[in-house]
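Let's take a walk through this protein, one piece at a time. Keep the 3D view open and turn it as you read.

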Amino acid sequence: MNIREAHAKFATDEQCLQYIQEMRWPDGVIRCPECGEKNIKRVDRSAESKGKNKRGWFYLCLEKTCHNQFTPTSGTIFHDTHLPLIVWFQAITLMLNAKKGISAKQLQRDLGIGGYKTAWYLNHRIREVMQEGSIPKLGGIVEIDETYIGGKQKGKGVWYGKKQKQPVVGVIQRKGPLRFIHTKDAKADTLKAIIEEHIGPDVQYVMTDDSSAGAAALKDSEKHRIIRHNIGKYVEGIVHTNTVESAFSLLKRGIVGNFHRVSIKHLQRYLNEFSYRFNRRNDADPFIETVRRLCGFAPLPFDTLTSEKA
Ligand SMILES: [Zn+2]
């Protein structure tokens, strides 16, 4: 969904609310979130009782001892927010569509949000749900490599705080999921632990270049294939690490272009956002999943989240 489609589909807060309602009660039977009662009624607020942040109506639970008042957003992040749902929905769309990520500053400009803090909060909260939960181990052909983010860059000054470069390991299954992991170092033991955690035993091949610490970590593996960058070889048949390298280059362009000071503390969150978006690049509608996550509704089964499987 692009921003224009988002505008058309969600032109009013009421439409956004309806969307969340259908997501929350997919069978169309609205139940009280407190007691589960189906016997409820819709109550419209009078103009004078509509507070600044109140919706124009609510559901009233008719169970005698409950009498809970609720709306489709009750108990979700959208309930207490001062921001119109339209702004949230547009922010989600912008973040999902920005291949290299979008800064709070840009979000502020694009959505015409008054304060930077508000834009930062939106950016941050949406990023917070853009991370994989437990996902299966990678299989098929996997590429692994490490890179460094930040530190002093030629001609760019210091764009990663004033701290030293941070190692990031990339693991990607060809035509499959990507993981970026911020590590304390890029030594063979560190890579070994990542390989054990992220790559399944049935993997067909694991590709590294000859200078990667992954090559040392995999030296005893018969599934390991090396592309010898140091003698100028970049592709030999199926042996290459171009997939993980292009993911790194996208990440770096995103960080250089959008996030001038990514602190070490937040680096993994940015990495998660990048891989979340990357892993859904062929999905029909990652918007639904992201809204679900923001609402805290049960996740969809993994199969529906990835269009390409192992
Ligand atoms: Zn109730």
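## A hairpin to start with

Begin at the hairpin of β7 and β8, where 4 residues sit between the strands and Lys175 takes a positive phi near 60°. Keep in mind that this is a predicted model. The two strands of the hairpin, β7 and β8, run antiparallel and are joined by 5 bridges. One residue pair to look for is Val168 with its bridge partner in β8, His182.

## The strand inside: β7

Is β7 enclosed or open to the outside? Since 8 of its 8 residues are buried, β7 is largely enclosed by the rest of the structure. In a regular strand, side chains alternate between the two faces of the sheet. You can follow the two directions here: Gln166, Val168, Gly170 and Ile172 point one way from β7, while Pro167, Val169, Val171 and Gln173 point the other way.

β7 also pairs with β4, in the antiparallel sense and over 8 bridges. Here Glu143 has Ile172 in β7 as its bridge partner.

## The whole sheet

Now zoom out. These strands belong to an open sheet of 5 strands with mixed pairing, in the order β8-β7-β4-β9-β10. At the edges are β8 (178–182) and β10 (224–227), each pairing on one side only. On average, neighbouring strands of this sheet are turned by 25° against each other, ignoring direction.

Over at the β10 edge, β9 (residues 205–209) and β10 pair in the parallel sense over 4 bridges. Look for Thr208, which stands opposite Ile226 in β10.

## Helices to find

α9 lies across β4 (141–149), β7 (166–173) and β8, and it runs at about 175° to β8.

Next, find α5 (residues 116–129), a helix of 14 residues. From first C-alpha to last, α5 reaches 21 Å, close to the 20 Å expected at 1.5 Å a residue. Its buried residues include Leu122, Ile126 and Val129. What do the buried residues of α5 pack against? Their partners are α3 (85–97), α4 (104–111), α9 (264–279) and α10 (286–295).

## The zinc site

Last stop: the zinc ion, coordinated at 2.3 Å by the SG atoms of Cys32, Cys35, Cys61 and Cys66. In sequence, these donor residues are spaced C-x2-C-x25-C-x4-C. The arrangement is tetrahedral because the 4 donor atoms subtend angles of 102 to 114° around the zinc ion.

Check two of the cysteines for exposure. Cys32 is buried, with a relative accessible area of 3%, whereas Cys35 counts as partly exposed at 40% relative accessibility.

Terms used
Residues are numbered from 1 along each chain as its sequence is written. This is a predicted model: local features need pLDDT of at least 70, side-chain atom pairs count only at pLDDT 80 or more; totals for chains, interfaces and linings use all residues. Side-chain values use heavy atoms; hydrogens and water are left out. The expected span of a helix is 1.5 Å times one less than its number of residues. Buried means under 20% relative accessible area, exposed over 50%, partly exposed in between (1.4 Å probe, protein chains only). Contact means heavy atoms within 4.5 Å. Two strands pair if DSSP finds at least two bridges between them. Axes are lines fitted to C-alpha atoms, for helices over the stretch in contact, and angles run from 0 to 180 degrees between N-to-C directions. Donors are N, O and S atoms within 2.8 Å of the metal (3.2 Å for Na, K and Ca); water is not among the atoms, so sites may look incomplete. Four donors count as tetrahedral if all angles lie between 85 and 135 degrees; four count as square planar and six as octahedral if opposite donors are over 155 degrees apart and all others between 65 and 115; anything else is irregular.
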